[in-house]
Amino acid sequence: MKIYESADETIAALATGASPAGIAVIRLSGRNSLAIVRSMAALPLPMPPRQALFRQIHHPVTEAFLDEALILYFQAPHSFTGEDVVEIQCHGGLMHTSAMLDAVHAAGARAAGPGEFSRRAFLNGRMTLEKAEAVADVVAAETDASLRAARSQLSGALGRELDALSASLLDMRAEAEALLDFPEDLELLDVPLSDFSAKAAAAAEKCRALRATHRRGRALRDGVRVALAGSPNAGKSSLFNALLGESRALTDETPGTTRDSIEARIDLDGIPCTLVDTAGIRDEGAGRVERQGIERARGEIARASLTLWVVDPAQPVLPPQDMDGDVLTVGNKLDTGLPSDIELRVSALTGENLDQLRRAIVMRLTGGVASEAAGEVIVTNRRHAELLEEAAAALDRAVVSAANAPLEIFAYDVRDALEALDRIRGRGADDALLDAVFSRFCIGK
Ligand code: GDP
């Protein structure tokens, strides 16, 4: 694997959050870490690892006194990055931490880029890529459920699933290759060749089952947009408020009150959801309502993961056939007792069936994948989902090869599947991929 170009340099950054704070941690990583800190503080020779030493810190050039701080040394390879790491726990003032960092740079450390510590940890084999990605997700998580999904990945839940899958593929490949090496065994074979097909099919199914969790995983990680659309006075704003659980959007008996789109964030069964109340319009004549309602709301509808088309049973206007995207038709004003053919009926006024509506929305958004149980794996990352699909496709080919082609082709197909799974862990990752993954991190991570 190619080592990051500047891996020779020692990097430094503030590892803790916003100043001012009681304490700030400045972290250095690289082969000169200890020498750099030694130029700022009197340290014993040899420096004992993993022991907090209380020292006076001086500027490496001016020798001015800067602070009293705790210094911790993690000797390579037993550190977060796998390199020599030194942490300086100093006072956390805004000016002070920046002056401390300046001093560390003056002593020879370069400012770390976003995610550079984690990138080095990955390159030095201290963590797999999917774990590094989980770290970023833990930091970015907005709801309990998205945090749980990220934590489960961080704890290695996805890694364990992938290990088990890879182990079964390796067995399959070894069996096939043994038969290739000793083809005479083929005749003595206890297992019929169809067993290879069945095993590959089972593994493909397992990949697809994991892949299927990605709809929920993506919703958890990236959030969703749900737009409310429909004819004026259908009760869009009322439903928006009811789903919000508080009065945020204007509602009025005069049609056309809602002029601009209004957005609010809600937690929908753990999914971070932006609810959008689209602009209402005046009834400018029969037949044109529907068209205009769509025209005005079109941008929002196109952006939305799902559109709730709200219908008033007294004046039912159904969603136009050519509407873009996923649409869920909701019959409002159930409390009026008016009949309607619409399956999903609610009352924004009384709150009746709103739970049912929430469930239906989540169902549509996640493809029916239920809330995550403890320890259950949810694939939150698109890269992982795509590679799982690639593995499944290779295994589909293996199913066919086992039946028709020479066993050699079967072994190739299984190897392709294995490689796809390996790439999830980061094996063979190039700089472009690493840039994409680690640029999402903050500096100091
Ligand atoms: P919008 O133009 O689609 O945003 O509709 P509004 O939310 O402003 O509602 C239009 C009218 O319908 C208002 O007078 C609401 O009070 C009324 N309304 C909305 N939802 C319900 C409902 O579930 N039941 C009844 N009876 N009236 C409702």
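# A guided tour of the predicted model

Of the 445 residues of the protein, 47% count as buried. The model is predicted. Begin with the whole protein in cartoon representation: the secondary structure comprises 15 helices and eleven strands. Then switch on the surface, where the protein exposes about 21300 Å², with carbon and sulfur atoms supplying 52% of that area. If contacts are displayed, consider those with a separation of 6 or more: residues 24 or more positions apart account for 62% of them.

## First stop: the ligand

Select the ligand and the residues around it. The ligand is surrounded by 18 residues, and the closest are Asn 233, Lys 236, Ser 237, Ser 238 and Asp 335. Colour this shell by class to see four nonpolar, nine polar and five charged residues.

Next, display the oxygen atoms of the ligand and look for their polar partners. At Lys 236, a polar backbone atom is 2.7 Å from an oxygen atom of the ligand. At Lys 333 the partner belongs to the side chain, where a polar atom lies 3.0 Å from a ligand oxygen. Ser 347 also offers a polar side-chain atom, at 3.2 Å from an oxygen of the ligand. How much of the ligand does the protein bury? Taken alone, the ligand exposes 580 Å², of which the protein buries 84%.

## Second stop: Val 37

Move to helix 1, residues 33-38, and select Val 37 within it. Is this residue buried or exposed? Val 37 has a relative accessible area of 1%, below the 20% cut-off, and therefore counts as buried. Show its surroundings: beyond residues up to four places away in sequence, Val 37 touches Leu 28, Leu 43, Ile 71, Val 86 and Ile 88. Add Val 104 to the selection and draw a distance between the two C-alpha atoms. The separation is 7.4 Å, although Val 37 and Val 104 are 67 residues apart along the chain.

## Third stop: Thr 81

Follow the chain to the loop between strand 4 (65-74) and strand 5 (85-92), where Thr 81 is found. Thr 81 has a relative accessibility of 1%, so this loop residue counts as buried. Display its side chain, which makes a polar contact of 2.8 Å with the side chain of Ser 29. The Thr 81 side chain also reaches the backbone nitrogen of Glu 83, at 3.1 Å. Leaving aside residues up to four places away in sequence, Thr 81 touches Ser 29, Phe 117, Arg 120, Ala 121, Asn 124 and Arg 126.

## Fourth stop: Ala 219

Select helix 9, residues 214-222, and centre the view on Ala 219. With 4% relative accessibility, Ala 219 counts as buried. Outside residues up to four places away in sequence, Ala 219 touches Val 224, Ile 271 and Pro 272. For a further distance, select Gly 270: its C-alpha atom is 9.3 Å from that of Ala 219, and the two residues are 51 apart in sequence.

## Last stop: the cysteines

Finish by selecting Cys 90 and Cys 207. Cys 90 is buried, at 2% relative accessibility, and Cys 207 is likewise buried, with a relative accessible area of 0%. How many disulfides does the model contain? The count comes to zero, with a disulfide taken as a pair of cysteine sulfur atoms within 2.5 Å.

Key:
Residues numbered from 1 in each chain as written. Predicted model: local features only at pLDDT ≥ 70, side-chain atom pairs only at ≥ 80, totals over all residues. Heavy atoms only, no water. Near = heavy atom within 4 Å. Polar contact = N/O pair within 3.5 Å; in protein donor to acceptor, adjacent residues only side chain to side chain. Areas by Shrake-Rupley, 256 points an atom, 1.4 Å probe, with all protein chains shown as cover. Nonpolar A, V, L, I, M, F, W, Y, C, P; charged D, E, K, R; others polar. Buried < 20%, exposed > 50% of the residue type's maximum accessible area, 1.4 Å probe, protein only. Helix = DSSP H or I, 4+ residues; strand = E, 2+ residues; numbered from the N terminus. Contact = heavy atoms within 4.5 Å.
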